[in-house]
Amino acid sequence: MSLQKTPPTRVFVELVPWADRGPANNLVSGGETLPGLRHPLSSTQAQTATREVHVSGTSEVSGGPDRAQVVMRVSSTKEAAAEAKKSVCRRLDYITQSLQQQGVQAENTTVTKDFRRVENAYHMEAEVCITFTEFGKMQNICNFLVEKLDSSVVISPPQFYHTPGSVENLRRQACLVAVENAWRKAQEVCNLVGQTLGKPLLIKEEETKEWEGQIDDHQSSRLSSSLTVQQKIKSATIHAASKVFITFEIKGKEKRKKHL
């Protein structure tokens, strides 16, 4: 899974505490008042007030699909029911044995069979649905079976998808990267103005977004079955974005001890 950090975050800093004075105290020339005027605290008040740095940070991460599903169909139509069954089962056994030899677990394979009468003949069809976690192994197996079996075996193009756990992990990573970006920027600001960054007072995730990968217009005009494996993976890639707002405390400077 690749992580892509976004451009620098926007940082808003307030290093000196301020206080709102009432309208009666906000006197200007001519005896008029100026509502909402803010004045800096006195030195005594500033020492006891909490100084803060406010940071907003964003991030974007992406993750490719972690599962792929391939369906293999085997069919036969014969005048005799036994011949139709024998033809399908022979090729079906070859497919299942090949999967076992390649290390595909039984729990990742589902086999269904359908047998019916078609006019004056019997038709049998079997479907093997395989779930892969290793895409390289998937391609090797499909290529091998295409070479060894005749045209009566149809292998569908792979369908890529994400498990619920992988999507949730992607969302969590987006939030964590956004928090890390915001913390780094707050640290840099404090270093720049000669202050020491303290503990976080507030962490809030303000916005989240998710979208699937897009292929270009020329590729999207083509049929999905004609896309390459890499194009299908790119199209199934999920992107997640997060925006956070964090308030950090700014530590006060330690007083040096006087030496006698």
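How many helices and strands does the secondary structure of the protein come to? In this predicted model, the count is six helices and 12 strands.

**Figure 1. Overview of the predicted model.** The protein has 260 residues, of which 32% are buried. Among contacts with a separation of 6 or more, 80% join residues that lie 24 or more positions apart. The mean pLDDT is 81, and 73% of the residues reach 70 or more.

**Figure 2. Segments in which pLDDT stays under 50, including residues 1-6.** For residues 1-6, the model has 20 contacts beyond four places in sequence. Residues 18-38 also have pLDDT under 50 throughout; for this segment, the model has 24 contacts beyond four places in sequence.

**Figure 3. Packing of helix H2 against helix H3.** Two packed helices are described by the angle between their axes and the distance between the axes. Helix H2 spans residues 81-101 and helix H3 spans residues 135-148; the angle between them is about 150 degrees, and their axes are 11 Å apart. The crossing of H2 past H3 is right-handed. On the H2 side, the contact is formed by Tyr94, Ile95, Ser98 and Leu99, which meet Ile141, Phe144, Leu145 and Lys148 of H3. By class, this contact comprises six nonpolar residues, one polar residue and one charged residue.

**Figure 4. The largest nonpolar core, with 24 residues.** In soluble globular proteins, nonpolar side chains tend to be buried together. Within this core, the residues with the most contacts are Met72, Ile95 and Met138. Two or more residues are contributed by each of strand E6 (67-78), H2, strand E8 (121-132), H3 and helix H6 (229-236). Ile95 is also one of the H2 residues that meet H3.

**Figure 5. Surroundings of Met138 and a separate core.** Leaving aside residues up to four places away in sequence, Met138 touches Ala68, Val70, Phe132, Pro158 and Phe160. Apart from the largest core lies another, of 11 residues, which includes Val53, Ala178, Ile246 and Ile250.

**Figure 6. Glu119 in the loop between strand E7 and strand E8.** Strand E7 covers residues 109-118, and Glu119 is located in the loop between E7 and E8. Most residues other than glycine have a negative phi. Phi of Glu119, in contrast, is positive, near 50 degrees. Is the residue buried or exposed? Glu119 counts as exposed because its relative accessibility is 73%, and the cut-off for this class is over 50%.

Technical notes. Residues are numbered from 1 along each chain as its sequence is written. Side-chain values use heavy atoms; hydrogens and water are left out. Axes are lines fitted to C-alpha atoms, for helices over the stretch in contact, and angles run from 0 to 180 degrees between N-to-C directions. Helices (H or I, at least four residues) and strands (E, at least two) are DSSP runs, numbered from the N terminus. A crossing is left-handed if the near helix is turned anticlockwise from the far one by less than a right angle, and right-handed if clockwise. Contact means heavy atoms within 4.5 Å. Ala, Val, Leu, Ile, Met, Phe, Trp, Tyr, Cys and Pro count as nonpolar, Asp, Glu, Lys and Arg as charged, and the others, Gly among them, as polar. pLDDT is the predictor's confidence in each residue, from 0 to 100. A nonpolar core is a set of buried Ala, Val, Leu, Ile, Met, Phe, Trp, Tyr and Cys residues joined through side-chain atoms within 4.5 Å. Buried means under 20% relative accessible area, exposed over 50%, partly exposed in between (1.4 Å probe, protein chains only).
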